[in-house]
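Please read the following account with the sequence and the structure side by side. It moves from strand pairing to the sheet, and then to the protein as a whole.

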Amino acid sequence: MIFKFEPQYMQRVWGGTSLETALDRNLGNQKNIGESWEIVDREENQSTLLKPKYQEMNLRKLLAKKGTLIMGPNWHHEKRFPLLVKWLDCKDRLSLQVHPPAAVAKSLGGEPKTENWYVAHATKDAGLFAGFKKGTSKEQFIESLDLGTAESHCHRINSQKGDSLLVESGRIHAIDAGNLILEIQQNSDTTYRVYDWDRKGLDGNPRQLHLEESLRCIDFNDFEPKPLRKCDGTLEILSDCPHFRIRKFIGCTNECVVLKARNQQCMILNPIGCDIKIDGEMVRSGFTALSPYCEECVVTFMEGGELLVTDNFYI
């Protein structure tokens, strides 16, 4: 048994149509869709299950009813699902931003957020901003915000398909135009915009900036981090941080991979570039599934491709 969820689409000023063209989603007449929330358990947003037996039930109600079967015997029914999974279609550049570290988040009325980016598609000129160029000081950066030259101090990486980058709380960052990214993050929606490239939002007005909050959060000793580039092996650890672990499996057509036995921690599964089958149930490329604690998980690749498996977010 696995659980699948109805995606929630979000308009963003930087969004495009790649969710439709690259992931074969039906967006109808919706424009500027920048995010698809695949798994979310928040007061303002709830994932709805697709499984017929549980239709009309959201993730919060499911965990309240069957939390120990899904998450394990130590689960408390009042907890929220620990992670939030999104697709990001970055037709244009996102704002320069930061998420608050745990040490300061509460004092700012926010939540800490560490996230991981996995680049599923990238155009020739696509890139990622992460951290500062070596030698940049806090004073130089603050001055550059007034001058509109912040980009000159930010470290930019030319992104390519298969790149993975961990963006820890406190790291200044922005996704440049031309990326389709699977983002796996702590269950938080706290983002402080540092700079928005002097553009206007969908309503025609400049978007709000959070300079005071941002300056309290930014790690000014974070210089020129590098992404994890794709390798030629069949298994790769993309991220292993205190909040989650992400592994990438590369499978061949009809190959079976045993991911876990019964009564082992639940996992989030994201096939990319291939369909997979679990216990006779299909998970299409680009979609997300949850394998619960109470079930074994044996994956069959219907064709060659990649499978991202996220675990260690609740043990």
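In this predicted model, strand S15 and strand S22, the latter covering residues 305–311, are joined by 7 bridges and run antiparallel. One pair of partners in this arrangement is Ile-246 and Thr-310, the latter lying in S22.

S15 also pairs with strand S14. S14 comprises residues 235–241 and S15 comprises residues 244–251, and the two are paired over 6 bridges in the antiparallel sense. Ile-237 and Arg-247 are bridge partners here. Between S14 and S15 there are 2 residues, and the two strands form a hairpin.

S22 has a further connection, to strand S17. The two strands run antiparallel and are joined by 5 bridges. Within this pairing, Ile-268 is found opposite Thr-310 of S22. Thr-310 is thus a point to follow in the display, since it is also the bridge partner of Ile-246.

S17 pairs with strand S20 as well. S20 spans residues 289–291, and 3 bridges link it to S17, again with the strands running antiparallel. In this case Leu-269 has Ala-289 of S20 as its bridge partner.

How many residues of S17 are buried? The strand covers residues 267–272, and 6 of its 6 residues are buried, so S17 is largely enclosed by the rest of the structure. The side chains may be followed in two groups. Met-267, Leu-269 and Pro-271 point one way from the strand, whereas Ile-268, Asn-270 and Ile-272 point the other way; all of them are buried.

These pairings belong to a wider arrangement. An open sheet is formed by 7 strands in the order S4-S1-S20-S17-S22-S15-S14, with antiparallel pairing. Which strands stand at the edges of this sheet? They are S4, residues 48–49, and S14; each has a single partner strand, so one side of each is left without a neighbour in the sheet.

The chain that leads towards S14 also deserves attention. Helix H5 covers residues 211–217, and Leu-228 is located in the loop between H5 and S14. Leu-228 is partly exposed, its relative accessible area being 33%. Apart from its neighbours within four places in sequence, Leu-228 is in contact with Glu-236, Ile-237 and Leu-238, and also with Gly-162, Asp-163 and Ser-164. Ile-237, one of these contacts, is the residue already described as the bridge partner of Arg-247. By way of another distance, the C-alpha atoms of Leu-228 and Ser-144 are separated by 29 Å, and these residues are 84 residues apart along the chain.

The view may now be widened to the whole protein. It contains 5 helices and 22 strands. For 315 residues, a compact globule would be expected to have a radius of gyration near 20 Å, and the value for this protein, 20 Å, agrees. The C-alpha trace spans about 60 × 40 × 40 Å along its principal axes. Of the 315 residues, 55% count as buried.

Contacts along the chain add to this picture. Among contacts with a separation of 6 or more, 75% are made by residues 24 or more positions apart. The accessible surface amounts to about 14200 Å², and carbon and sulfur atoms account for 46% of it. Finally, the protein has 40 positive and 44 negative charges, whose mean positions are 3 Å apart.

Methods
Residues numbered from 1 in each chain as written. Predicted model: local features only at pLDDT ≥ 70, side-chain atom pairs only at ≥ 80, totals over all residues. Heavy atoms only, no water. Helix = DSSP H or I, 4+ residues; strand = E, 2+ residues; numbered from the N terminus. Rg over C-alpha atoms; globule rule 2.2 N^0.38 Å. Buried < 20%, exposed > 50% of the residue type's maximum accessible area, 1.4 Å probe, protein only. Contact = heavy atoms within 4.5 Å. Areas by Shrake-Rupley, 256 points an atom, 1.4 Å probe, with all protein chains shown as cover. Lys, Arg positive; Asp, Glu negative; His and termini not counted. Charge placed at Lys NZ, Arg CZ, Asp CG, Glu CD. Pairing = 2+ DSSP bridges.
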